[in-house]
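Work through the exercises below with the sequence and the 3D structure at hand. Try each task before you read its solution.

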Amino acid sequence: MNYKHELVEFLPNLPAKIWNQDMTGMEIYTPSHWHRSLELNLVLSGQARAAVNGKTRTLLPGDILFINSGELHSVDYIHPDDHVLAVTILVSYEFILSWFPDYEESFFDLDQHPEVTDALRDQIRKIGEIYQEKPAFWELETAGCLHHLLFLLISRTAVRQKGSHSIQKHAATDTMRKAITYINQHYQESITLEDAASYVGFSSAYFSRFFHKNIGVTFYKYLNDIRLHYALMDLLNRNATTNDCAFQNGFPNVKSFIEAFKKTYHCTPGQYKKKYFS
(Lines give C-alpha, C1' and ligand atoms only; values in the text may rest on other atoms or scores of the structure.)
Protein backbone atom coordinates (compact mmCIF):
# COMPACT_ATOMS: atom_id res chain seq x y z
CA MET A 1 0.00 0.00 0.00
CA ASN A 2 1.31 3.48 -0.86
CA TYR A 3 1.07 5.75 2.17
CA LYS A 4 1.72 9.01 0.31
CA HIS A 5 -2.03 9.73 0.38
CA GLU A 6 -4.31 6.96 1.50
CA LEU A 7 -7.36 6.52 -0.72
CA VAL A 8 -10.25 5.23 1.38
CA GLU A 9 -13.06 3.07 0.05
CA PHE A 10 -16.13 3.29 2.27
CA LEU A 11 -18.69 0.65 3.16
CA PRO A 12 -21.88 0.38 1.11
CA ASN A 13 -24.68 2.51 2.66
CA LEU A 14 -22.27 4.01 5.21
CA PRO A 15 -20.03 7.10 5.07
CA ALA A 16 -17.31 5.26 6.99
CA LYS A 17 -14.80 2.44 7.02
CA ILE A 18 -14.49 0.33 10.17
CA TRP A 19 -11.84 -2.09 11.45
CA ASN A 20 -11.67 -4.20 14.58
CA GLN A 21 -7.89 -4.36 14.84
CA ASP A 22 -5.93 -7.28 16.33
CA MET A 23 -2.20 -6.64 15.85
CA THR A 24 0.95 -8.16 17.30
CA GLY A 25 4.54 -6.90 17.28
CA MET A 26 5.71 -5.63 13.91
CA GLU A 27 2.14 -5.56 12.58
CA ILE A 28 1.65 -2.49 14.80
CA TYR A 29 3.24 -0.16 12.29
CA THR A 30 1.86 2.34 9.82
CA PRO A 31 4.30 4.81 8.22
CA SER A 32 3.45 8.53 8.13
CA HIS A 33 0.57 9.15 5.75
CA TRP A 34 -2.49 11.36 5.38
CA HIS A 35 -6.02 11.25 4.03
CA ARG A 36 -8.99 13.59 3.86
CA SER A 37 -11.13 11.35 6.07
CA LEU A 38 -11.52 11.93 9.79
CA GLU A 39 -9.95 9.06 11.76
CA LEU A 40 -10.76 7.79 15.25
CA ASN A 41 -8.86 4.97 16.95
CA LEU A 42 -9.88 3.53 20.32
CA VAL A 43 -7.31 1.32 22.05
CA LEU A 44 -9.08 -1.56 23.81
CA SER A 45 -5.96 -3.30 25.11
CA GLY A 46 -2.20 -3.12 24.71
CA GLN A 47 -0.03 -0.12 23.92
CA ALA A 48 1.45 1.65 20.91
CA ARG A 49 3.30 4.81 19.94
CA ALA A 50 1.63 7.36 17.67
CA ALA A 51 2.76 10.58 16.02
CA VAL A 52 0.46 13.30 14.66
CA ASN A 53 2.04 16.22 12.81
CA GLY A 54 5.37 15.43 14.47
CA LYS A 55 4.04 15.19 18.04
CA THR A 56 4.52 11.75 19.62
CA ARG A 57 2.40 10.13 22.33
CA THR A 58 1.98 6.72 23.93
CA LEU A 59 -1.42 5.08 23.51
CA LEU A 60 -2.82 2.98 26.37
CA PRO A 61 -6.14 1.15 26.88
CA GLY A 62 -9.03 3.59 26.72
CA ASP A 63 -7.08 6.23 24.79
CA ILE A 64 -8.44 7.74 21.58
CA LEU A 65 -6.10 8.64 18.75
CA PHE A 66 -7.97 11.36 16.88
CA ILE A 67 -6.83 12.46 13.40
CA ASN A 68 -8.31 15.52 11.73
CA SER A 69 -8.55 15.66 7.95
CA GLY A 70 -5.15 16.06 6.27
CA GLU A 71 -3.01 15.50 9.36
CA LEU A 72 0.18 13.48 8.96
CA HIS A 73 0.16 10.52 11.31
CA SER A 74 1.88 7.23 12.02
CA VAL A 75 1.68 4.34 14.50
CA ASP A 76 4.46 2.09 15.75
CA TYR A 77 4.94 -0.65 18.33
CA ILE A 78 6.80 0.07 21.58
CA HIS A 79 8.04 -3.47 22.23
CA PRO A 80 8.33 -6.27 19.62
CA ASP A 81 5.98 -8.50 21.66
CA ASP A 82 3.20 -5.88 22.05
CA HIS A 83 -0.35 -7.02 21.31
CA VAL A 84 -2.97 -4.37 20.53
CA LEU A 85 -6.74 -4.61 20.16
CA ALA A 86 -8.36 -1.45 18.80
CA VAL A 87 -11.33 -0.07 16.88
CA THR A 88 -10.54 2.21 13.93
CA ILE A 89 -13.13 4.33 12.13
CA LEU A 90 -12.57 6.53 9.08
CA VAL A 91 -15.39 9.01 8.49
CA SER A 92 -15.98 10.41 5.01
CA TYR A 93 -14.80 14.00 4.45
CA GLU A 94 -17.82 14.63 2.22
CA PHE A 95 -20.17 13.33 4.93
CA ILE A 96 -18.72 15.82 7.43
CA LEU A 97 -18.96 18.69 4.94
CA SER A 98 -22.61 17.86 4.24
CA TRP A 99 -23.43 18.66 7.87
CA PHE A 100 -20.64 21.14 8.61
CA PRO A 101 -19.72 23.28 5.57
CA ASP A 102 -17.19 25.25 7.64
CA TYR A 103 -15.06 22.13 8.19
CA GLU A 104 -12.60 23.23 5.51
CA GLU A 105 -11.67 26.22 7.71
CA SER A 106 -12.04 24.35 11.02
CA PHE A 107 -10.77 21.40 13.01
CA PHE A 108 -11.99 19.36 15.97
CA ASP A 109 -10.13 19.89 19.25
CA LEU A 110 -10.73 17.16 21.84
CA ASP A 111 -8.03 18.26 24.28
CA GLN A 112 -10.21 20.78 26.08
CA HIS A 113 -13.31 18.56 26.26
CA PRO A 114 -12.76 15.40 28.34
CA GLU A 115 -16.52 14.93 28.71
CA VAL A 116 -16.85 14.70 24.92
CA THR A 117 -13.98 12.22 24.79
CA ASP A 118 -15.87 9.95 27.19
CA ALA A 119 -18.98 10.08 24.99
CA LEU A 120 -16.93 9.44 21.84
CA ARG A 121 -15.27 6.46 23.49
CA ASP A 122 -18.71 4.92 24.10
CA GLN A 123 -19.79 5.51 20.48
CA ILE A 124 -16.59 4.09 18.98
CA ARG A 125 -16.79 0.99 21.18
CA LYS A 126 -20.46 0.53 20.24
CA ILE A 127 -19.73 0.88 16.51
CA GLY A 128 -16.96 -1.72 16.82
CA GLU A 129 -19.31 -4.15 18.56
CA ILE A 130 -22.07 -3.65 15.98
CA TYR A 131 -19.63 -4.17 13.12
CA GLN A 132 -18.26 -7.32 14.76
CA GLU A 133 -21.67 -8.90 15.38
CA LYS A 134 -23.57 -7.45 12.39
CA PRO A 135 -27.09 -7.93 13.75
CA ALA A 136 -30.18 -7.25 11.62
CA PHE A 137 -30.13 -3.70 10.22
CA TRP A 138 -26.61 -3.15 11.55
CA GLU A 139 -25.86 -0.56 8.86
CA LEU A 140 -28.80 1.56 10.02
CA GLU A 141 -27.76 1.32 13.67
CA THR A 142 -24.18 2.19 12.75
CA ALA A 143 -25.35 5.19 10.73
CA GLY A 144 -27.20 6.44 13.82
CA CYS A 145 -24.03 6.12 15.91
CA LEU A 146 -21.99 7.95 13.26
CA HIS A 147 -24.47 10.82 13.17
CA HIS A 148 -24.39 11.09 16.96
CA LEU A 149 -20.59 10.98 16.92
CA LEU A 150 -20.47 13.79 14.36
CA PHE A 151 -23.03 15.80 16.36
CA LEU A 152 -20.77 15.63 19.42
CA LEU A 153 -17.75 16.76 17.44
CA ILE A 154 -19.44 19.65 15.62
CA SER A 155 -21.46 20.99 18.54
CA ARG A 156 -18.78 20.70 21.22
CA THR A 157 -15.27 20.60 19.76
CA ALA A 158 -15.22 22.52 16.44
CA VAL A 159 -12.65 25.33 16.33
CA ARG A 160 -12.24 27.77 13.46
CA GLN A 161 -8.66 28.17 12.23
CA LYS A 162 -7.55 31.78 11.91
CA GLY A 163 -4.52 34.03 11.87
CA SER A 164 -1.01 33.81 10.46
CA HIS A 165 -0.15 30.83 12.70
CA SER A 166 -2.82 28.78 10.92
CA ILE A 167 -1.45 29.80 7.50
CA GLN A 168 2.09 28.86 8.51
CA LYS A 169 0.89 25.55 9.95
CA HIS A 170 -0.97 24.70 6.74
CA ALA A 171 2.06 25.60 4.63
CA ALA A 172 4.31 23.33 6.73
CA THR A 173 1.80 20.47 6.55
CA ASP A 174 1.46 20.85 2.77
CA THR A 175 5.25 20.73 2.40
CA MET A 176 5.48 17.61 4.55
CA ARG A 177 2.74 15.93 2.51
CA LYS A 178 4.73 16.71 -0.62
CA ALA A 179 7.91 15.28 0.92
CA ILE A 180 6.15 12.13 2.15
CA THR A 181 4.58 11.68 -1.27
CA TYR A 182 8.01 11.93 -2.92
CA ILE A 183 9.59 9.40 -0.54
CA ASN A 184 6.79 6.89 -0.99
CA GLN A 185 6.99 7.19 -4.76
CA HIS A 186 10.78 6.79 -4.89
CA TYR A 187 11.85 4.72 -1.85
CA GLN A 188 12.80 1.84 -4.17
CA GLU A 189 15.36 4.09 -5.84
CA SER A 190 18.67 5.53 -4.59
CA ILE A 191 17.17 8.80 -3.36
CA THR A 192 19.00 11.18 -1.04
CA LEU A 193 18.12 13.97 1.35
CA GLU A 194 19.33 16.40 -1.31
CA ASP A 195 16.86 14.93 -3.83
CA ALA A 196 13.91 15.35 -1.46
CA ALA A 197 15.01 18.85 -0.42
CA SER A 198 15.25 19.94 -4.04
CA TYR A 199 11.80 18.47 -4.75
CA VAL A 200 10.14 20.65 -2.10
CA GLY A 201 12.29 23.68 -2.85
CA PHE A 202 14.41 23.78 0.33
CA SER A 203 18.14 23.73 0.97
CA SER A 204 19.43 20.39 2.26
CA ALA A 205 20.35 21.79 5.68
CA TYR A 206 16.98 23.50 6.21
CA PHE A 207 15.01 20.52 4.91
CA SER A 208 16.87 18.17 7.28
CA ARG A 209 15.87 20.28 10.30
CA PHE A 210 12.34 20.83 8.95
CA PHE A 211 11.75 17.12 8.38
CA HIS A 212 12.99 16.11 11.82
CA LYS A 213 10.87 18.79 13.51
CA ASN A 214 7.65 17.76 11.74
CA ILE A 215 8.03 13.97 11.55
CA GLY A 216 10.05 13.33 14.69
CA VAL A 217 12.84 11.34 13.02
CA THR A 218 15.55 12.16 10.51
CA PHE A 219 14.98 11.89 6.78
CA TYR A 220 17.21 8.83 6.47
CA LYS A 221 15.59 7.12 9.49
CA TYR A 222 12.17 7.61 7.91
CA LEU A 223 13.38 6.42 4.49
CA ASN A 224 14.95 3.36 6.10
CA ASP A 225 11.75 2.63 8.05
CA ILE A 226 9.67 2.85 4.87
CA ARG A 227 12.01 0.46 3.07
CA LEU A 228 11.97 -1.96 6.00
CA HIS A 229 8.18 -1.81 6.23
CA TYR A 230 7.69 -2.84 2.62
CA ALA A 231 10.57 -5.33 2.79
CA LEU A 232 8.86 -6.99 5.75
CA MET A 233 5.60 -7.19 3.81
CA ASP A 234 7.51 -8.88 0.97
CA LEU A 235 9.31 -11.19 3.40
CA LEU A 236 6.02 -12.50 4.75
CA ASN A 237 5.22 -13.65 1.25
CA ARG A 238 6.67 -17.18 1.31
CA ASN A 239 8.06 -16.72 -2.21
CA ALA A 240 10.13 -13.61 -1.44
CA THR A 241 13.84 -14.21 -0.83
CA THR A 242 16.12 -12.00 1.25
CA ASN A 243 17.68 -10.76 -1.99
CA ASP A 244 14.24 -9.86 -3.37
CA CYS A 245 13.35 -7.97 -0.19
CA ALA A 246 16.59 -5.99 -0.30
CA PHE A 247 16.82 -5.00 -3.95
CA GLN A 248 13.10 -4.43 -4.55
CA ASN A 249 12.87 -1.96 -1.67
CA GLY A 250 15.80 0.38 -2.24
CA PHE A 251 18.60 -1.21 -0.20
CA PRO A 252 21.96 -0.95 -1.99
CA ASN A 253 22.92 -4.53 -1.07
CA VAL A 254 21.79 -7.52 0.97
CA LYS A 255 24.24 -6.81 3.80
CA SER A 256 22.78 -3.34 4.46
CA PHE A 257 19.26 -4.80 4.45
CA ILE A 258 20.14 -7.51 6.97
CA GLU A 259 21.93 -5.03 9.24
CA ALA A 260 18.98 -2.62 9.17
CA PHE A 261 16.54 -5.47 9.75
CA LYS A 262 18.49 -6.79 12.77
CA LYS A 263 18.74 -3.32 14.26
CA THR A 264 14.96 -2.83 14.08
CA TYR A 265 13.57 -6.35 14.58
CA HIS A 266 16.40 -7.90 16.63
CA CYS A 267 16.82 -10.91 14.35
CA THR A 268 17.76 -11.70 10.76
CA PRO A 269 15.12 -11.73 7.99
CA GLY A 270 15.46 -15.52 7.77
CA GLN A 271 14.94 -15.97 11.51
CA TYR A 272 11.91 -13.69 11.46
CA LYS A 273 10.35 -15.52 8.54
CA LYS A 274 10.92 -18.90 10.19
CA LYS A 275 9.32 -17.69 13.42
CA TYR A 276 6.38 -16.10 11.61
CA PHE A 277 5.50 -19.23 9.66
CA SER A 278 6.25 -21.75 12.41
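A cavity is a set of grid points inside the protein where a 1.4 Å probe fits but cannot get out. Keep in mind throughout that the model is predicted.

**Exercise 1.** Find how many cavities of 30 Å³ or more the whole structure holds, and describe the lining of the largest cavity by residue and by class.

*Solution.* Begin with the search of the whole structure, which finds one cavity of 30 Å³ or more. The space in the largest cavity comes to about 40 Å³. Next, list the lining, which consists of Ser32, Ala51, Val52, Asn53, Gly54, Leu72, His73, Ser74, Asn214 and Ile215. Two or more of these residues come from each of strand 4 (48–52), strand 7 (73–76) and helix 6. Finally, sort the lining by class, which gives six polar and four nonpolar residues, with no charged residues.

**Exercise 2.** Decide how helix 5 is oriented relative to helix 6, and name the residues through which the two helices meet.

*Solution.* The axes of helix 5 (residues 193–200) and helix 6 (residues 204–215) come within 9 Å and cross at roughly 90°. Because angles of 65 to 115 degrees count as roughly perpendicular, helix 5 is roughly perpendicular to helix 6. On the side of helix 5, the residues that meet helix 6 are Leu193, Glu194, Ala196, Ala197 and Val200, and their partners in helix 6 are Ser204, Phe207 and Ser208. Sorted by class, the residues of this contact are five nonpolar, two polar and one charged.

**Exercise 3.** Carry out the same steps for helix 7 and helix 9.

*Solution.* Helix 7 (residues 219–235) and helix 9 (residues 254–265) have axes that come within 11 Å and cross at roughly 95°, and these two helices are therefore roughly perpendicular to each other. Helix 7 contributes Asn224, Leu228, Ala231, Leu232 and Leu235 to the contact, while helix 9 contributes Phe257, Ala260, Phe261, Thr264 and Tyr265. By class, this contact has eight nonpolar and two polar residues, and no charged residues.

**Exercise 4.** Judge how compact the protein chain is for its length.

*Solution.* First count the elements: the protein chain has ten helices and ten strands. Its radius of gyration is 20 Å, close to the 19 Å that the globule rule gives for 278 residues, so the chain is as compact as a globular protein of that length.

Terms used:
Residues are numbered from 1 along each chain as its sequence is written. This is a predicted model: local features need pLDDT of at least 70, side-chain atom pairs count only at pLDDT 80 or more; totals for chains, interfaces and linings use all residues. Side-chain values use heavy atoms; hydrogens and water are left out. Axes are lines fitted to C-alpha atoms, for helices over the stretch in contact, and angles run from 0 to 180 degrees between N-to-C directions. Helices (H or I, at least four residues) and strands (E, at least two) are DSSP runs, numbered from the N terminus. Angles under 35 degrees count as roughly parallel, over 145 as roughly antiparallel, 65 to 115 as roughly perpendicular and the rest as oblique. Contact means heavy atoms within 4.5 Å. Ala, Val, Leu, Ile, Met, Phe, Trp, Tyr, Cys and Pro count as nonpolar, Asp, Glu, Lys and Arg as charged, and the others, Gly among them, as polar. On a 1 Å grid over the protein atoms alone, a cavity is a set of points where a 1.4 Å probe fits but cannot get out, and a pocket is an open set with protein on both sides within 12 Å along at least five of seven lines; lining residues have an atom within 4 Å of a point. Grid points are joined across faces, edges and corners, and a volume is the space filled by probe spheres set on the points. The radius of gyration is taken over C-alpha atoms; the globule rule is 2.2 Å times the number of residues to the power 0.38.
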